[in-house]
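Colleague: I should like to learn how to read individual features from a set of coordinates. Could we work through one example together?

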Amino acid sequence: MNSFTDDSRSKSSGLSSSSLAPLSPYLNLDPSYLPVQPEYIFPEGNSRERGRFELAFSQIGGSYMIGAVIGGTTGFYNGLRGTTMAGQTGKLMRTQMLNHITKQGSATSGVLGVVTVMYSGFGILLSWARGVDDELNTMAAATATGMLYKSSHGLRKCGLGGAVGLGIASLYCLWTSRDKLQTFQQQYATALKTRFLANEDPKIAKTEVFLDNWKDDE
C-alpha cells in the first residue's frame with residue numbers, strides 16, 4: 001500500500017515539475033514585435049544605397065552575359081543558315097555551327113563588356129569629382145563612352161557615337177525619373193495658378209493654395 005502511494009506521489013511530482021518548467025522564449029513570442037521589413041546595419045556615414053563603384057561589377061558582368069546570349073543566338077542562326085545553304089550535315093554541320101556560336105558570342109560579349117567598363121569608369125570619376133550621383137553624371141558618362149568608343153573612326157563617327165550615348169542615357173533618365181517629373185509638373189502648375197490668381201485677387205489666390213494643399217494632405 002505504501003509503495004503504491006509512493007509511486008503515485010512520484011508520478012504526480014514528475015508531472016507537476018514538467019508542467020511548471022519554463023517555456024522556451026522562442027515558443028512564447030508575439031509575432032507583432034518582429035520587424036516586417038529586413039533591417040541592415042550600415043557603418044556610420046555610409047549611404048543606404050549602393051554607389052556607382054558597387055554597381056559597376058554587376059553591370060559589367062551582366063552586360064558580358066547578355067552579350068554572350070545575344071551573340072550566341074545570332075551565331076546559331078547564322079550557322080544554321082550557312083550550313084543549310086551549303087548542304088552540310090553530320091559532324092561538319094555541328095562543327096561549323098559551334099564555330100559560329102563561339103565566335104559571334106565572344107565578339108558581342110566583348111563589345112558590351114568594354115562599353116560597360118568605359119561607362120562605369122566615367123560614371124565613377126564624375127561622381128567622385130562632383131560629389132553627387134545624379135542624372136547629369138549618367139548622361140555625361142554615356143556621351144563620353146560613345147565618343148571614346150568611336151574615337152578611332154574619325155570625328156564624324158566620334159560625334160555620332162556621343163549622340164547615340166546621349167540619346168540612350170536621356171531615355172533611361174526619363175524613364176527612371178518619371179515620378180520626379182510628375183511632381184515637378186504638379187508644382188509648376190500650382191505655381192502658375194497661384195501667380196495667375198494673385199494678379200486678379202490675392203485673397204482668392206491664398207484660398208485656392210490652401211484648398212490644394214488640404215486636398216493633397218487628404
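The dialogue below takes up a helix, charged pairs, two polar side chains and a surface patch in turn.

Colleague: What kind of model is this?

Modeller: This is a predicted model.

Colleague: Let us start with helix H4. How far apart are the end C-alpha atoms of H4, and what span should its residues give?

Modeller: The expected span is 1.5 Å times one less than the number of residues. Helix H4 covers residues 135–149, which is 15 residues, so a span of 21 Å is expected. The end C-alpha atoms are 21 Å apart, in agreement with that value.

Colleague: Which residues of H4 are buried, and against what do they pack?

Modeller: A residue is called buried when its relative accessible area is under 20%. In H4, this applies to Asn137, Thr138, Ala141, Ala142, Thr143, Thr145 and Gly146. The buried residues of H4 pack against three helices: H2 (52–86), H3 (90–130) and H5 (155–176).

Colleague: Let us turn to charged pairs. How many salt bridges does a search of the whole structure find?

Modeller: Side chains of opposite charge can pair when their charged atoms come close. In this model, the search finds 2 salt bridges. One of them joins the side chains of Asp133 and Arg52, with an N to O distance of 2.7 Å. That pair links distant parts of the chain, 81 residues apart: Asp133 belongs to the loop between H3 and H4, and Arg52 to helix H2. A salt bridge also forms between the side chains of Arg130 and Asp134, at 2.9 Å from N to O.

Colleague: Are the partners in these bridges buried or exposed? I would begin with Arg52.

Modeller: Arg52 has a relative accessibility of 16%, and therefore counts as buried. Its partner Asp133 is partly exposed, at 47%. In the other bridge, Arg130 is partly exposed at 38%, and Asp134 is partly exposed at 23%.

Colleague: Now for a polar side chain. Where does Thr83 lie, and which backbone oxygen atoms lie by its side chain?

Modeller: Thr83 is placed in helix H2. Its relative accessible area is 2%, so Thr83 is buried. A polar atom of the Thr83 side chain lies 2.8 Å from the backbone oxygen of Gly79, and there is a distance of 3.1 Å between the backbone oxygen of Leu80 and a polar atom of that side chain. When neighbours within four places in sequence are left aside, Thr83 is in contact with Gln88, Met93, Gln96 and Met97.

Colleague: How should Ser109 be read: buried or exposed?

Modeller: Ser109, in helix H3, has 1% relative accessibility and so counts as buried. The backbone oxygen of Ser106 is 3.0 Å from a polar atom of the Ser109 side chain. Not counting residues up to four places away in sequence, Ser109 touches Tyr64, Gly67 and Ala68.

Colleague: Finally, the surface. Which residues make the nonpolar patch, and which elements give two or more residues to it?

Modeller: Phe53, Phe57, Leu125 and Trp128 make a nonpolar surface patch of about 530 Å². The elements that contribute two or more residues to this patch are H2 and H3. One member, Phe57, is in helix H2. Exposed means over 50% relative accessible area; Phe57 has 58% and is therefore exposed.

Terms used:
Residues numbered from 1 in each chain as written. Predicted model: local features only at pLDDT ≥ 70, side-chain atom pairs only at ≥ 80, totals over all residues. Heavy atoms only, no water. Helix = DSSP H or I, 4+ residues; strand = E, 2+ residues; numbered from the N terminus. Buried < 20%, exposed > 50% of the residue type's maximum accessible area, 1.4 Å probe, protein only. Contact = heavy atoms within 4.5 Å. Salt bridge = Lys/Arg side-chain N within 4 Å of Asp/Glu carboxyl O. Polar contact = N/O pair within 3.5 Å; in protein donor to acceptor, adjacent residues only side chain to side chain. Patch = residues over 30% accessible without salt bridge, like charges linked within 9 Å, V, L, I, M, F, W, Y side chains within 5 Å. Areas by Shrake-Rupley, 256 points an atom, 1.4 Å probe, with all protein chains shown as cover.
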